[in-house]
Amino acid sequence: MRQFTGGFLLAVSIMACTTTKPVVQQTTPPQPVVLTLGNKAFTTDDFFQSFTKNQLSADSSQHTDVKQYFDLYTNLKLKVVDAEAAGLDTTEAFREELATYRKQLAQSYLTDKTQVESLAAEAYQRMQQEINASHILVAVPDDAAPADTLTAYQTALTLRKRIADGEDFASVARAGSQDATTASDGGSLNWFTAFSLVYPLENAVYNTATRQVTGPVRTRAGYHLLRVNDRRPNRGKLRVAHILIRMSPGAGAPGADAPGTNAAGQQVAKERIDAAYARLLRGELFETVARQVSDDVTSKTNGGQLPAFETGKQVPAFEEAAFALVNPGDISKPVKTNYGWHIIKLLERTPLSSYAELAPNLRQRVTTDTRAEVLRQSALQRLRSVYAVRENKAVVEQAIARADSSLLRGQWQYTEPLSAGLPNQPIITIASQPYSINQFFGYVRQRQQPRRNPAQPTAKPNQAIPGSSPAVAMRRLLDRFIGDQLLATEENDLEKKSPEFRALLAEIHDGILLSQQMEENVWERSMADSTGQRQLFEQNRTLYQFPQRVAATVIVAPTDALLKQVQTVLTGKTPYQLKRAAPDLRYAQNQTGLTPETQEQLRAVLVAMARNPGYVVEVAASHDGTERDSVSAGRIRAVVGLLRQNGVALNRIIERDFQGGSRPGSADPASQRRVSFQYFSIDKADVARAFSTPGQPVEISEGLFAPGTNPYIDQLNAVAPGNTVLHPAGKAVVVLVDRIEPARTRTFAEARGAVINDYQAILERQWLEQLRTKYPVNVNQDEIGKLVK
């Protein structure tokens with residue numbers, strides 16, 4: 001039942017995302033009171049804000065006039081006042097829940113939504129293109145001493161001059177780049193698109209012309225030179241399956257070592273992948289071979305299927321082989337990567353989605369990838385103009401002096417009490433609020449992290465990066481501390497600065513309490529009290545009646561001709577024959593087995609049967625005059641066997657072997673050597689889908705219809721068993737009435753849902769009467785009168 005709270009809070013969060021910028025609350029005279037419950041007063045402004053929000057809600061059924069809404073408002077506030085009187089808002093569980101929702105709500109007020117939208121649109125524009133680029137890294141930590149930073153920058157400039165003077169970028173990268181993962185490959189970053197690089201590098205390459213060099217560009221790793229080698233349109237996403245054979249002597253065996261590169265291991269891997277490929281060429285299912293031989297333990301149980309990916313998310317050799325496949329079902333030859341040998345099967349190719357589809361995801365991504373720092377710095381720049389920030393220079397100097405090499409390893413500690421004169425001394429002050437050196441040191445101890453050297457990715461994390469300065473690292477942590485406290489200060493002031501935030505948080509507060517109160521006093525009691533339910537039903541049987549109902553089937557089609565076709569199908573016996581079939585399988589003379597091509601054709605049948613549980617498929621086989629009768633039977637056995645192996649139950653398959661082996665109407669021997677498929681269904685909804693076309697839907701409804709539940713039955717002059725054709729608004733409709741169900745009293749089981757709803761209304765009404773006695777209701781009619789006018 002707490003779903004009520006979740007839905008309520010979701011709606012509140014959505015509304016918060018569309019709010020305007022917070023406004024500083026002005027000092028105003030006391031607001032007139034419109035309602036008093038016991039000792040708790042509610043202002044006219046509070047009520048009117050709540051009423052206005054209700055009127056602006058998307059659900060027009062919730063709209064009421066002022067007086068009606070005032071009654072609802074009073075009832076809600078009675079429940080909240082009672083919850084507060086019981087101390088429900090002081091429990092740890094309530095405080096934690098409210099704090100969680102407050103934190104979520106506050107984020108939308110701390111982030112510049114216009115800037116988020118701009119970054120999302122920029123990212124989508126960049127995703128239209130894929131870029132191939134190379135880079136050279138001159139490594140220098142972001143916490144390096146200024147002199148070391150300057151030296152690295154000058155080195156990068158020197159390398160760029162060599163390139164400008166005519167040296168090959170790749171050659172300079174091999175000799176001068178300190179990125180151990182790309183230097184040997186000439187600095188190649190291969191193909192990528194937006195979100196593949198850190199934002200400063202992405203900015204650089206997307207703003208540089210093809211075959212041009214840019215930089216130095218600063219990142220946390222150092223200074224980069226970048227060359228844009230080529231551009232191409234976005235290739236979309238692929239979904240593939242693969243078979244992996246690792247290049248290891250024990251590949252595929254339990255407890256095998258990591259992939260090796262020795263000749264014997266490579267030979268074994270090559271023989272295994274060739275054997276797997278040969279099995280596929282002989283017609284074995286890709287999924288079966290993957291389950292049996294693939295060394296990728298995470299995908300083999302799923303037939304080798306991998307999550308969808310785009311350019312830049314797989315190793316280049318694998319990616320290029322996958323994107324070279326043209327049609328779903330195509331299989332690559334064995335492809336070698338640093339992981340081993342792969343055989344890749346294309347499952348699906350999808351183009352880049354529209355901005356409207358991707359926008360929610362893009363907005364989330366730009367707030368969580370390296371663009372988040374852009375948003376953070378923008379917010380901090382604004383907040384520094386709002387809140388005065390002062391540093392205590394003497395204390396800052398002593399704090400920085402405490403830094404040593406252990407900070408670079410993420411192992412820095414400090415002991416308390418601090419030396420004389422330091423304990424609890426303010427290191428910074430934000431808007432007259434001091435923050436002590438003890439608080440900062442506690443922050444450092446929690447936030448310090450061992451740094452990794454981009455030039456030595458295999459180095460142990462507790463090894464300090466050469467060139468790092470403990471003093472610079474401590475200063476950077478202080479800057480981060482100041483930023484976090486600025487954001488916290490703004491977040492803590494949101495109730496004062498933003499009436500909208502304050503109102504939304506109050507709604508969340510009341511929503512949590514309301515949910516708890518309703519759960520305890522109404523919902524839980526009504527569900528658990530089966531005696532009370534039964535008693536209410538017995539005392540009010542006349543309220544739980546079925547009216548006269550019509551047992552009927554209603555078919556709606558765009559034309560009379562199509563209506564007649566659908567009606568003809570439905571008057572036959574089940575399963576109903578559908579206007580849908582799969583492509584025929586063709587065979588060589590005397591062939592009964594399945595080839596890789598015919599197995600792939602059968603994939604469409606398997607997909608149709610999996611997606612439509614009401615389907616039954618007829619498998620019909622024939623043979624030419626020179627073949628024995630057993631040939632068509634063998635073709636049926638092979639097809640049915642594959643269908644059953646892939647989960648199609650035997651009772652969903654109809655086997656048909658043509659009498660005499662030949663199909664009527666064709667003398668061509670080649671056309672007789674085939675298996676055809678016809679779909680049937682036990683579900684009338686499948687019949688409707690089979691006859692529907694874009695813009696020309698067919699609808700089939702069946703059941704017991706009460707007055708007012710079906711417009712076509714309501715149009716009948718006299719309801720009686722039989723068929724009636726109607727032509728409303730250019731449609732063709734037939735109403736097939738089977739019988740008339742007379743009005744009757746529902747059984748308790750049939751009425752239980754309605755009984756529980758009525759019982760909840762009674763319990764809530766009784767509870768509210770008690771609350772009105774406990775908290776006398778005093779209404780300021782003059783204020784209500786003003787609002788009504």
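These legends accompany a set of close-up views of a predicted model.

**View 1. Helix 19 and its kink at Glu 519.**
Let's begin with helix 19, which runs over residues 499-528 and so has 30 residues to follow. From its first C-alpha to its last, helix 19 reaches 41 Å, close to the 44 Å expected at 1.5 Å a residue. Along the way there is a kink of about 50°, and Glu 519 sits at its centre.

**View 2. The surroundings of Gln 517 in helix 19.**
Staying with helix 19, we move to Gln 517, which has its place in this helix. Gln 517 has a relative accessibility of 4%, and because buried means under 20%, Gln 517 counts as buried. Leaving aside residues up to four places away in sequence, Gln 517 touches Lys 79, Asp 82, Ala 83, Leu 88, Val 522 and Trp 767.

**View 3. The buried face and the N-terminal cap of helix 7.**
Helix 7 covers residues 169-176, and its buried residues are Phe 169, Val 172 and Ala 173. Looking down the axis of helix 7, you will find these buried residues within an arc of 100°, so they line one face of the helix. The general geometry helps here: an α-helix has 3.6 residues a turn, so residues three or four places apart point the same way. The packing partners of the buried residues of helix 7 are strand 3 (129-139), helix 6 (146-164), strand 5 (213-219) and strand 6 (222-233). At the N-terminal end, helix 7 is capped by Asp 168, with a side-chain oxygen 3.3 Å from the backbone nitrogen of Ala 170.

**View 4. The cis peptide bond before Pro 216.**
Strand 5, one of the elements that the buried residues of helix 7 pack against, is also where Pro 216 lies. The peptide bond leading from Gly 215 to Pro 216 is cis, and its omega is near 5°.

**View 5. The cis peptide bond before Pro 575.**
Here is another proline to look at: the bond from Thr 574 to Pro 575 is cis, with omega near 0°. Pro 575 is located in a loop, with helix 21 (560-571) on one side and strand 15 (576-586) on the other.

**View 6. Asn 590 and Ser 630.**
Asn 590 belongs to the loop between strand 15 and helix 22 (596-611). Although Asn 590 is not a glycine, its phi is positive, at about 70°. Ser 630 lies 40 residues from Asn 590 in sequence, and their C-alpha atoms are 9.5 Å apart in space. Ser 630 has its place in helix 23 (residues 629-645), and with a relative accessible area of 42% it is partly exposed.

**View 7. Leu 643 in the largest nonpolar core.**
The largest nonpolar core has 42 residues, of which Val 639, Leu 643 and Phe 677 touch the most other members. Take Leu 643 as your guide: residues up to four places away in sequence aside, it touches Leu 602, Val 605, Leu 606, Val 617, Val 619, Val 648 and Ile 653. A second core, separate from this one, has 32 residues, including Leu 408, Ile 428, Phe 441 and Val 444.

**View 8. Ser 432 in the loop between strands 11 and 12.**
Our last stop is Ser 432, found in the loop that links strand 11 (426-430) and strand 12 (433-436). Ser 432 is not a glycine, yet it has a positive phi of about 70°. With a relative accessible area of 70%, Ser 432 is exposed.

Methods. Residues numbered from 1 in each chain as written. Predicted model: local features only at pLDDT ≥ 70, side-chain atom pairs only at ≥ 80, totals over all residues. Heavy atoms only, no water. Helix = DSSP H or I, 4+ residues; strand = E, 2+ residues; numbered from the N terminus. Expected span 1.5 Å × (residues − 1). Bend = angle between axes of the 7 residues up to and from the residue. Buried < 20%, exposed > 50% of the residue type's maximum accessible area, 1.4 Å probe, protein only. Arc of directions from axis to C-beta. Contact = heavy atoms within 4.5 Å. Polar contact = N/O pair within 3.5 Å; in protein donor to acceptor, adjacent residues only side chain to side chain. Core = buried A, V, L, I, M, F, W, Y, C linked by side-chain atoms within 4.5 Å.
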